[in-house]
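Student: I should like to learn how the main features of a protein model are read. Could we work through one example together?

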Amino acid sequence: MNILPSLLEPHAALLSPALNRLDELDAEGLLAAPVDLEAMVQHGVDSRPRLDGQRLEFDEPTCVVVTGDVTAETLVLEEQSVLLVLGNLKARSARLYGTALVLGTCEVTESLVGHGEPHTLTVLGAVQAGRCEMHQQYIMQFLGGGTLASLSDSEGGEEELLELMHAAGSALQVGA
């Protein structure tokens, strides 16, 4: 069971319902990877109202908490970086080597590529994305439904992941 870390208490109104939903799905075995907020904030929190930019790149282990929206042409999360978006995420492309949790919607028009265990991308809102690729056991969980142009896993687990997401209530469509 996730307990809201004290560093995130200012955001309890938004995070508590999300944590409850994630805990329920985890208890039912419907998450490919649980979301561990305590691990996400273990190196501290850098809170920002919103992020906009041509290229947004994060390379520190501090959890960047964005209370609004993130908008970028290119988003890059380097190894050990952590992003928590309480609003929506919109980018042309995203390359993820770190962990991200998005409570709102996620729109990545071209490519969304994740690399490396134990990192994950979990989106609670609807997703609209182009090509989505998971490499080296990176896990993407789209729990709010939506559409992906394609989904591939270098380990070959995309079908199992889709089954889990559908069982969790996600109406995710791939290739639609």
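Student: Which secondary structure elements does the protein chain contain, and how many of each?

Tutor: This is a predicted model, and its protein chain has three helices and 13 strands. The radius of gyration is 15 Å, close to the 16 Å from the globule rule for 176 residues, so the chain is as compact as a globular protein of that length. The C-alpha trace spans about 40 × 40 × 25 Å along its principal axes.

Student: What share of the residues counts as buried?

Tutor: Burial is judged by relative accessible area, with buried meaning under 20%. By that criterion, 51% of the 176 residues are buried. The accessible surface comes to about 8,000 Å², and carbon and sulfur atoms contribute 47% of that area.

Student: How should strand pairing be read, and which strands does S10 join?

Tutor: One looks at the bridges between two strands and at their relative direction. Strand S10 (residues 127-135) runs parallel to strand S8 (residues 106-115), with eight bridges between them. Within this pair, Ser111 stands opposite Arg131. S10 also runs parallel to strand S12 (residues 146-153), to which seven bridges join it; here Gln128 stands opposite Thr147.

Student: Is Leu56 buried or exposed?

Tutor: The relative accessibility of Leu56 is 10%, so this residue counts as buried. Leu56 belongs to strand S2 (residues 51-58). Leaving aside residues up to four places away in sequence, Leu56 touches Leu51 and several others, including Val70, Ala72, Leu75 and Val76. Ala94 is 38 residues from Leu56 in sequence, and their C-alpha atoms are 9.5 Å apart.

Student: Which backbone feature marks the peptide bond from Glu117 to Pro118?

Tutor: The omega angle is what one reads here. For this bond omega is near 5°, and the bond is cis. Pro118 sits in the loop between S8 and strand S9 (120-123).

Student: Where are Gln80 and Gln137 found, and what is the phi of each?

Tutor: Gln80 is in the loop between strand S4 (70-77) and strand S5 (82-85), with phi near 75°, a positive value in a residue other than glycine. Its relative accessible area is 45%, so Gln80 is partly exposed. Gln137 lies in the loop between S10 and strand S11 (139-142). Its phi is positive as well, about 70°, although Gln137 is not a glycine. Gln137 has a relative accessibility of 37% and therefore counts as partly exposed.

Student: How many positive and negative charges are there, and how far apart are their mean positions?

Tutor: The chain carries 8 positive and 26 negative charges, and their mean positions are 12 Å apart.

Methods
Residues numbered from 1 in each chain as written. Predicted model: local features only at pLDDT ≥ 70, side-chain atom pairs only at ≥ 80, totals over all residues. Heavy atoms only, no water. Helix = DSSP H or I, 4+ residues; strand = E, 2+ residues; numbered from the N terminus. Rg over C-alpha atoms; globule rule 2.2 N^0.38 Å. Buried < 20%, exposed > 50% of the residue type's maximum accessible area, 1.4 Å probe, protein only. Areas by Shrake-Rupley, 256 points an atom, 1.4 Å probe, with all protein chains shown as cover. Lys, Arg positive; Asp, Glu negative; His and termini not counted. Charge placed at Lys NZ, Arg CZ, Asp CG, Glu CD. Pairing = 2+ DSSP bridges. Contact = heavy atoms within 4.5 Å.
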